[in-house]
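Visitor: Hi, could you walk me through this one? I'd like to ask things as we go.

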Amino acid sequence: MADRHPLFKPLIFVGGLIFGFGLGFSHMARPEVVLNFLTFEDLGLPFVMFGAAIVSGIAFALLPRIRDAAPLTGAPYERRLKPFDRNVLVGGAVFGVGWGLSGICPGAAYASLGVGNVTILWALGGMFVGAYAQGYWRSRSGARDAAAAGAD
Amino acid sequence: MVADPVLLQAVAELFPSGVSRYAVGGLLVGLGTVVIYVGTGIPAGASTFLESTLSYVSGQSRFRRYVGSRDWRLVFTAGIILGGLAFAATFQSGLVTSPLYEPGTTGTLYEVAGVTLWATDVQPWRLFFGGILVGIGTRIGKGCTSGHGVCGVGSASKTSLVGVATFLAVAIGTAQVVAALGVSP
């Protein structure tokens, strides 16, 4: 961690710039546009997520065949595979209620701040409160589980 | 091939803003993800930033696991914010135009130092309470629209496909109910 390649953070920054510019250009950074999609008034929004997924999917499929490891980290090229459990459904449903109520998701909220939407700080504040609440709760229950296991 | 005018009109009604701004924006979001992945091997998602940044101020064990990645996640988010600003300074300000870009009509435009900025009309209580649920749900559900939706779907991950189907279906239901209750914007 300490000896990162000097280009590591600059590259992350450039990737973030392109990512944020795309969220602005697509209008996904505007909650109204997301809400208009969710209420079927403008069905264009899936082109953003699936367009992006296709581009990343090509890279995820090709790179492991071309190179063994990423040049700046030495990390192997792997797909993003996470284990499935009940949390994916519960968390997905809670996220869905929040997204449907507010019209904003985390990446789009950061980009929204960039396009001038100061009002989105309400959503960002809420996201930190929510992330803290679940982290506090899960840290506690994790410690309790460890204590219970240790007592056996 | 003969274009059916009735069919064309039906399609136009489904996509009143066209599809090019969405598709081009999506390709750029994908490109940003790929730039990071090619250099680092990291399939980056946006919502982990919430917990990794909390590790600066909280000692909870749940956040400590992100201490190693919190610096670059801060850089990633700063890039996203400034990328949005770059869009505002160019296309949103009318400095650059393209037939692929269709400006939106919602919200409120205002100007600061020659840059056209935009603010939402969606009510703060919706943003705040929705934001709380987004913060809880994305972290418990192992990802958000970028982590599951872009990187996970791009990886053909079954977990992510189920995650996306879940939050998309619930979000559609929620937005329809909220709209039916007369809450606008």
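Guide: Sure. One term before we start: domain bounds here come from an automatic or database domain assignment. This is a predicted model, where local features need pLDDT of at least 70, side-chain atom pairs count only at pLDDT 80 or more, and totals for chains, interfaces and linings use all residues. Residues are numbered from 1 along each chain as its sequence is written, while chains are lettered from A and ligands numbered from 1 in the order in which they are written.

Visitor: OK, so into which domains is chain B divided?

Guide: Chain B splits into domain 1 (1-120) and domain 2 (122-185). Their centres, taken over C-alpha atoms, are separated by 16 Å.

Visitor: How many residues does the contact take from each of those two?

Guide: Domain 1 of chain B gives 10 residues and domain 2 of chain B gives 10 residues. Two residues are in contact if their C-beta atoms, placed from the backbone, lie within 7 Å. On the domain 1 side, H2 and H3 of chain B are the elements giving two or more residues, and H2(B) has the largest share with three residues.

Visitor: What's the secondary structure of chain B?

Guide: Chain B has eight helices and two strands, in the order α-α-α-α-α-β-β-α-α-α along the sequence. Helices (H or I, at least four residues) and strands (E, at least two) are DSSP runs, numbered from the N terminus.

Visitor: And what box do its C-alpha atoms fill?

Guide: Along the principal axes, the C-alpha atoms of chain B fill a box of roughly 60 × 40 × 40 Å. Of the 185 residues of chain B, 51% count as buried. Buried means 20 or more other C-beta atoms within 10 Å of the residue's own, exposed means 12 or fewer, and partly exposed is in between, with C-beta atoms placed from the backbone.

Visitor: Switching to the chain-chain contact: how many residues from each chain?

Guide: The contact takes 112 residues from chain B and 112 residues from chain A. On the chain B side, H2(B) supplies the largest share, 20 residues. By class, that side of chain B has 62 nonpolar, 42 polar and eight charged residues. Ala, Val, Leu, Ile, Met, Phe, Trp, Tyr, Cys and Pro count as nonpolar, Asp, Glu, Lys and Arg as charged, and the others, Gly among them, as polar.

Visitor: What do the buried residues of H3(A) pack against?

Guide: They pack against helix H1 (8-26) of chain A together with H2 and H7 of chain B. Among those buried residues of H3(A) are Phe47(A), Met49(A), Phe50(A) and Phe60(A).

Visitor: What span should H3(A) have, and what is the distance between its end C-alpha atoms?

Guide: The 21 residues of helix H3 (residues 46-66) of chain A should span 30 Å at 1.5 Å a residue, and the end C-alpha atoms are 30 Å apart, which agrees. The expected span is 1.5 Å times one less than the number of residues.

Visitor: Which backbone oddities should I look at?

Guide: Most residues other than glycine have a negative phi, and most peptide bonds are trans. His27(A), not a glycine, has a positive phi of about 75°, in the loop between H1 and helix H2 (31-38) of chain A. Ala113(B) also has a positive phi, near 50°, in the loop between strand S1 (108-112) and S2 of chain B.

Visitor: Are those buried or exposed?

Guide: His27(A) counts as buried because it has 30 C-beta neighbours inside 10 Å. Ala113(B) counts as exposed, with 6 C-beta neighbours inside 10 Å.

Visitor: Where's the cis peptide bond?

Guide: A cis peptide bond joins Ser184(B) and Pro185(B), with omega about -5°. Pro185(B) sits in the segment after H8 of chain B.
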